[in-house]
Amino acid sequence: MPTSSASTTDSAKSASGGVQSLERAFDLLERMADAGGEVGLSELSASSGLPLPTIHRLMRTLVACGYVRQQSNRRYALGPRLIRLGESASRLLGTWARPYLARLVEETGETANMALLDGDEIVYVAQVPSKHSMRMFTEVGRRVLPHSTGVGKALLANTPDAEVRALLSRTGMPAATEKTITTADGFLAALDDVRRTGYAVDDNEQEIGVRCLAVSVPDSPTAAAISISGPAGRVTEAATERIVPVLQQIAQELSEALATQNPA
């Protein structure tokens, strides 16, 4: 059976040595995620620069595999099979991070966490507990809203203000404690502080008596942050000056390790 020129182009190797049709399919999935999970073909064509017939062919394949579903309004949405992949990838990311979190515990004496931004929520994907006996709200798998956490601030610090306001309007800003930031303007001011200082603070905002310091993992394949949490009496301003450089160094090392998980 003859192969069309379009099919030949799609199956050809890309400039990076990969299979072009695969690269295009994954690019479309990422563009759908960036657009909120549901798009029309014309939107994908405009953002990707690909012709509509090419996009339609790729989307048909993704629909057949369950990674995309076609809605009744003829728009396309991310499919349920991606959930299993995402959950497995999150667990694996947490596994890779654990040795770095263990070093954080060794060097700071406090509980270390890794969290991702999943939709409008923060999800904790890895934790190494401190040797000190103190139970805190963080645990692997727990989901919280970003506005009351240090990792939430670290993850949203470089997000445009309009997008942050839209997220906050969707989630609301309930007070976990009397110190929780409950206004969009207040939260945006806190994000300004993160950009200025290079780290985020949760000062009794999620749990009274607990202070958290967090930094984002630079160039992570998905937005990620690491943090330490401990009693406010230990995680003082003086301790912050000592802990933040350690957090930043380990975040950079973790970033470099994640970048080498898929060697060329």
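Let's start at one pair of strands: S8 and strand S9 (residues 224-231) run antiparallel and are joined by seven bridges. To find a spot where they meet, look for Cys212, whose bridge partner in S9 is Ser229. Keep in mind as you explore that this is a predicted model.

Now stay with S8 and look the other way. Strand S7 (residues 200-203) is joined to S8 by four bridges, and these two strands also run antiparallel. Here Asp203 stands opposite Arg211 in S8. S7 and S8 make a hairpin, with six residues between the two strands. In that turn you can pick out Asn204, which has a positive phi of about 65°. Is S8 mostly enclosed or mostly open? Six of the seven residues of S8 (residues 210-216) are buried, so the strand is largely enclosed by the rest of the structure.

Let's step back for a moment and take in the whole protein. Its secondary structure comes to nine helices and nine strands. There are 264 residues, and 42% of them are buried. The accessible surface is about 13,800 Å², and carbon and sulfur atoms account for 52% of that area. How do parts of the chain that are apart in sequence meet? Among contacts between residues at least 6 apart in sequence, 54% join residues that are at least 24 apart.

A second hairpin is worth a visit. Strand S4 (residues 111-118) pairs with S5 in the antiparallel sense, over seven bridges. Two residues lie between the strands of this hairpin, and Gly119 takes a positive phi near 65°. Beside the turn, Asp118 has Glu121 in S5 as its bridge partner. S5 itself (residues 121-128) is mostly covered, with seven of its eight residues buried. S5 also has a pairing with strand S6 (residues 143-144), which is antiparallel and has two bridges. In that pairing, Val123 is matched with Arg143 of S6.

Next, turn to an open sheet of three strands. Its order is S1-S3-S2, and the pairing is antiparallel. The edge strands are S1 (38-39) and S2 (68-70), each of which pairs on one side only. S2 and strand S3 (residues 76-78) are held in register by three bridges in the antiparallel sense. Within this pair, Gln70 stands opposite Tyr76 in S3.

A helix accompanies this sheet. H4 lies across S2 and S3, and runs at about 105° to S2. H4 also has a helix as a packing partner, which brings us to our last stop. Two packed helices are described by the angle between their axes and the distance between the axes. For helix H3 (residues 41-48) and helix H4 (residues 52-65), the angle is about 115° and the axes are 10 Å apart. H3 passes H4 in a right-handed crossing. Which residues make the contact? From H3 come Leu41, Ser42, Leu44, Ser45 and Ser48, while H4 supplies Leu52, Ile55, His56 and Met59. Sorted by character, the residues of this contact are five nonpolar and four polar, with no charged ones.

Terms used: Residues numbered from 1 in each chain as written. Predicted model: local features only at pLDDT ≥ 70, side-chain atom pairs only at ≥ 80, totals over all residues. Heavy atoms only, no water. Buried < 20%, exposed > 50% of the residue type's maximum accessible area, 1.4 Å probe, protein only. Contact = heavy atoms within 4.5 Å. Areas by Shrake-Rupley, 256 points an atom, 1.4 Å probe, with all protein chains shown as cover. Pairing = 2+ DSSP bridges. Axes fitted to C-alpha atoms, helices over the stretch in contact; angles between N-to-C directions. Left-handed = near helix turned anticlockwise from the far one by under 90°. Nonpolar A, V, L, I, M, F, W, Y, C, P; charged D, E, K, R; others polar.
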